[in-house]
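Subject: Model handover and what turned up in it

Hello,

Here is the model for you to open alongside this note. Please keep it on screen while you read.

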Amino acid sequence: MRNLIFAWRNVKKDKVFSFINIFGLSIGLSSCLLIVLFVKGELSYDSHYSKKDDIFRLVRYYDMKGTNRADAMTPAPAASVLKETYSEIDLTGRLLLRDLSGTGGIEVRGTQTTKNEFEEKFAYADNSLLEILEVKMINGDVNNALTTPNTLIISDRMAEKYFSDQEIINSAIIIDNDVENPKVVKGVFKAFPSNSHLDLDFIFTLEGKELYPGEEHSWMPHNFFTYIRIKPSIHPKVLEDKIQGLKETYYDPTFTTAGERNSEFVKSLNFKLQSVKDIHLRNGIVFDTFSHGDIRFVYLFSTIAVFILILACINFINLSTAKAGKRAKEIGVKKALGSSRHQQIVQFLSESIIFCFIAFCFAVIIAIAILPLFNSIADRNIEIGYGDLWLISVLILSTIVIGFLAGLYPAFYLSSFKPSITLKGTHTTSEKSFLRTSLVILQFATSVVLIICVITVHKQSNYILNKNLGYDKERVLVVSGTQEIGDRLEAFKQRINSLSEVTSVSVSGFLPVEGTKRNQMPFKVINPSNIYDVDAQLWWTDYDYIGTLGLSLLDGRKFSRDIASDSVNSIIINRSMAKALGFTNPIGRRVHCRIDYDIIGVVEDFHFTNLKDVIRPLAMVIGHEKSMVLVRTNTNDMERAISNVDNIWKEFMPNQELRYSFLDTRYALMHRDIEQRAKILDGFTLVALIVACLGLLALSTYLAEQRKKEISVRIVLGATFRDIYTLLSINFMKIVLVAVVIGIPLGGFLISRWIQDYAFRINIGWDIYVLSGTIALLAALLTVSFQAVSSALIDPMKSLRRE
């Protein structure tokens with residue numbers, strides 16, 4: 001108890017020293033706490049299943065024209081064939097998501113109202129999938145909830161929204177105004193947890209559901225996710241080797257036409273079982289439509305957390321030993337009065353633990369204060385569970401361990417002072433500072449690396465948001481849910497087009513941003529080849545689509561209302577598809593995709609996915625896809641334009657609110673992950689730089705304390721403020737310069753690896769390295785200047801009198 005009292009007195013005695021020490025520890029520990037909560041949340045994804053080690057998803061890996069690709073999309077019959085063929089499999093189930101089914105969002109309402117609500121979180125599934133994914137039913141029988149056509153189950157939050165106190169089971173809801181075919185609710189399930197790769201509110205049955213006639217038996221289109229639960233005694237690798245037989249039994253016959261095999265695709269095809277636990281973080285190059293985390297960022301943030309914690313402890317050590325000169329006489333007096341070295345060690349360790357305890361208290365307060373901002377930036381819902389035993393245990397244990405380890409060296413170092421020397425005032429701490437110097441170099445080198453990362457990420461983000469995309473995304477209003485207008489859609493389009501602030505209008509659900517409709521179709525060339533050799537997007541558009549988006553026509557012509565065949569068998573392709581088909585003069589050539597098409601035009605490539613991906617083959621035809629209306633405006637007064645569009649909307653859909661967005665906003669949202677990571681890196685880099693500066697402050701304080709007598713003599717002999725400032729600053733700037741030289745190549749290597757993920761990226765030039773080094777040097781100069789100015793302004797007579 002006495003040691004704690006002495007420790008507390010020493011904390012209060014030097015308030016500046018205590019503040020710097022506690023502040024450095026606090027920001028380091030609060031950052032670590034946030035990272036621990038973030039990493040714990042990321043690693044917990046899909047770990048709530050009782051049989052999580054037995055649940056997998058079927059994934060295809062293949063090589064297309066020298067490009068390795070992978071996706072989780074499988075044919076409709078794959079699930080049943082796997083279950084029937086391989087005894088190692090316990091259950092299989094399919095999942096069909098909205099953007100793959102081509103339905104987009106849905107309009108939902110009860111049978112007692114005419115007002116629709118727009119919902120997006122829905123999918124189609126086999127009943128067996130409910131058992132595989134352990135969907136918890138609150139109401140209804142999980143064994144037959146999705147076994148009847150035109151049925152569905154809804155989440156508990158949707159049950160409360162649409163039914164309140166009404167009887168739910170066997171109640172009907174209207175989907176997309178289809179009053180003749182209402183869907184029957186067969187159950188209510190507990191909403192998926194936030195750490196699941198699935199987030200659904202409506203699950204429709206796949207019983208009787210086909211995207212087109214014959215799909216249930218076709219191995220050509222790949223539209224479904226196939227989940228597999230294997231038997232407990234089976235090793236997944238054993239089953240993985242066996243299911244390669246699907247290739248010979250089903251893919252070879254399917255991809256063989258007139259005796260010719262698409263060998264490039266079939267021979268390179270391999271099947272793998274992806275653990276459900278890996279879908280969120282370890283998805284790699286596998287294409288699907290879920291939002292994902294990245295295990296590399298988990299490793300990165302974890303490394304940063306450890307680094308910040310170590311540097312905070314090092315700063316504590318440096319600051320403690322830097323103040324050793326002031327405590328030398330205190331130690332000497334206590335030893336002269338009979339205090340043992342053991343007692344001195346216990347006292348210093350007690351001080352360290354008290355410092356750490358106070359720092360932890362402030363760290364928790366800081367973490368709580370910035371947690372909402374962190375959640376907003378990271379797009380997470382992290383909470384500090386005050387009742388979580390693991391968190392309380394970690395905080396208590398960390399306080400003791402970190403306090404003990406951080407105080408261990410200062411305790412043994414300070415307690416080693418000899419009273420005979422310290423009481424005479426001849427004690428000196430002029431040991432070699434190689435270790436301290438090395439640690440400061442390490443701190444600033446790492447800070448330089450992080451600064452390089454931050455600048456590069458921001459430049460890449462700006463490049464993405466401002467790149468020429470091949471289409472004009474500015475001032476384009478996107479009206480959703482227009483399929484509900486039905487046969488009057490053309491009249492609605494013409495009314496919008498008559499507005500003075502509107503230049504063109506187009507109808508299509510296929511837009512060059514994620515979250516809109518997609519498909520993947522196999523094309524074959526008609527004459528001379530007769531094999532499926534190109535997978536391409538096939539978009540249904542109207543006659544005004546190319547003009548409204550501002551696409552560039554390279555060859556041929558656009559669709560024309562005056563040419564009847566354009567609405568039947570004419571097709572326009574992009575440059576990448578022409579190249580993939582091997583056409584140098586594509587106009588007039590014919591391709592087959594369900595029916596034969598004549599190529600009438602070629603447009604310049606435009607980005608329709610994020611910039612991590614290359615531009616892939618794409619074709620457009622005139623089709624009946626009515627879920628969205630694109631409105632290109634010629635005004636900056638968007639409020640007026642929206643108001644006019646809304647007035648027309650109310651004439652056609654009086655019981656439904658206008659839903660709209662902006663094309664440029666949707667494009668920005670498509671790349672929000674890079675902006676989120678940039679902001680998170682900003683915060684961690686700032687913390688690391690502050691900690692590094694505190695380390696430099698510790699070293700400058702330490703050396704200034706040692707050289708106080710020398711500085712005083714120099715001042716007495718006529719040294720100017722500038723002389724003293726230069727004396728104390730130049731060596732530190734050399735240290736930081738060494739750190740910059742070390743950090744630049746390391747940062748360049750790491751950031752060049754990261755940016756390779758983007759097919760379209762910036763060039764990493766010398767300006768990034770110069771700016772990063774300059775920021776580090778300026779931060780160091782400001783830090784050193786604080787101590788240098790203080791030392792240059794001392795009263796030399798008082799200092800020499802004390803010496």
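Below is what was found, grouped by strands, helices and salt bridges.

First, the ground rules. This is a predicted model: local features need pLDDT of at least 70, side-chain atom pairs count only at pLDDT 80 or more, and totals for chains, interfaces and linings use all residues. Residues are numbered from 1 along each chain as its sequence is written, and side-chain values use heavy atoms, with hydrogens and water left out. Helices (H or I, at least four residues) and strands (E, at least two) are DSSP runs, numbered from the N terminus.

**Strands**

Start with β17, residues 476-480. Is β17 mostly covered or open? Mostly covered: 5 of its 5 residues are buried (buried means under 20% relative accessible area, exposed over 50%, partly exposed in between, with a 1.4 Å probe and protein chains only). Val 476, Val 478 and Ser 480 sit on one side. Leu 477 and Val 479 sit on the other. In general, side chains in a regular strand alternate between the two faces of the sheet.

β17 has antiparallel partners. Strands pair if DSSP finds at least two bridges between them. With β26 (residues 628-633) there are 5 bridges, and Leu 477 is matched with Val 631. With β27 (residues 660-662) there are 3 bridges, and Val 479 is matched with Tyr 660.

Earlier in the numbering, look at β9 (residues 172-175). It runs antiparallel to β4 (residues 106-110), joined by 3 bridges. Gly 110 stands opposite Ile 173 there. β9 also pairs antiparallel with β10 (residues 183-189), over 2 bridges. Ala 172 faces Val 184 in that pairing.

**Helices**

Helix α16 covers residues 489-497, and its buried residues are Leu 489, Phe 492, Lys 493 and Ile 496. They fall within an arc of 100° seen down the axis, so they line one face of the helix. The arc is taken from the directions from the helix axis to the C-beta atoms. That buried set packs against β18 (502-507), β26 and α19 (638-652), where contact means heavy atoms within 4.5 Å.

Helix α13 (residues 389-414) holds Ile 400. Ile 400 is partly exposed, at 46% relative accessibility. It belongs to a nonpolar surface patch with Ile 392, Ile 396, Leu 397, Val 401, Phe 404 and Leu 405, about 630 Å² of accessible area together. Areas come from the Shrake-Rupley method with a 1.4 Å probe; for residues, only the protein chains shown count as cover. Patches take residues with over 30% relative accessible area and no salt bridge, joining like charges within 9 Å and nonpolar side chains (Val, Leu, Ile, Met, Phe, Trp, Tyr) within 5 Å.

**Salt bridges**

How many salt bridges does a search of the whole structure find? It finds 30, counting a side-chain nitrogen of Lys or Arg within 4 Å of a carboxyl oxygen of Asp or Glu.

- Glu 651 and Arg 495 meet at 2.6 Å, N to O. Glu 651 is in α19 and Arg 495 in α16, 156 residues apart.
- Glu 604 and Arg 575 have their closest N and O atoms 2.8 Å apart. Glu 604 lies in the loop between β24 (595-603) and β25 (618-622) and Arg 575 in α18 (residues 575-581), so the pair ties together parts 29 residues apart in sequence.
- Lys 121, Arg 157, Asp 199 and Asp 201 are joined into one network by salt bridges that share partners.
- Glu 474 and Lys 473 meet at 3.5 Å, N to O. Lys 473 is buried at 10%, whereas Glu 474 is partly exposed at 35%.

Best wishes
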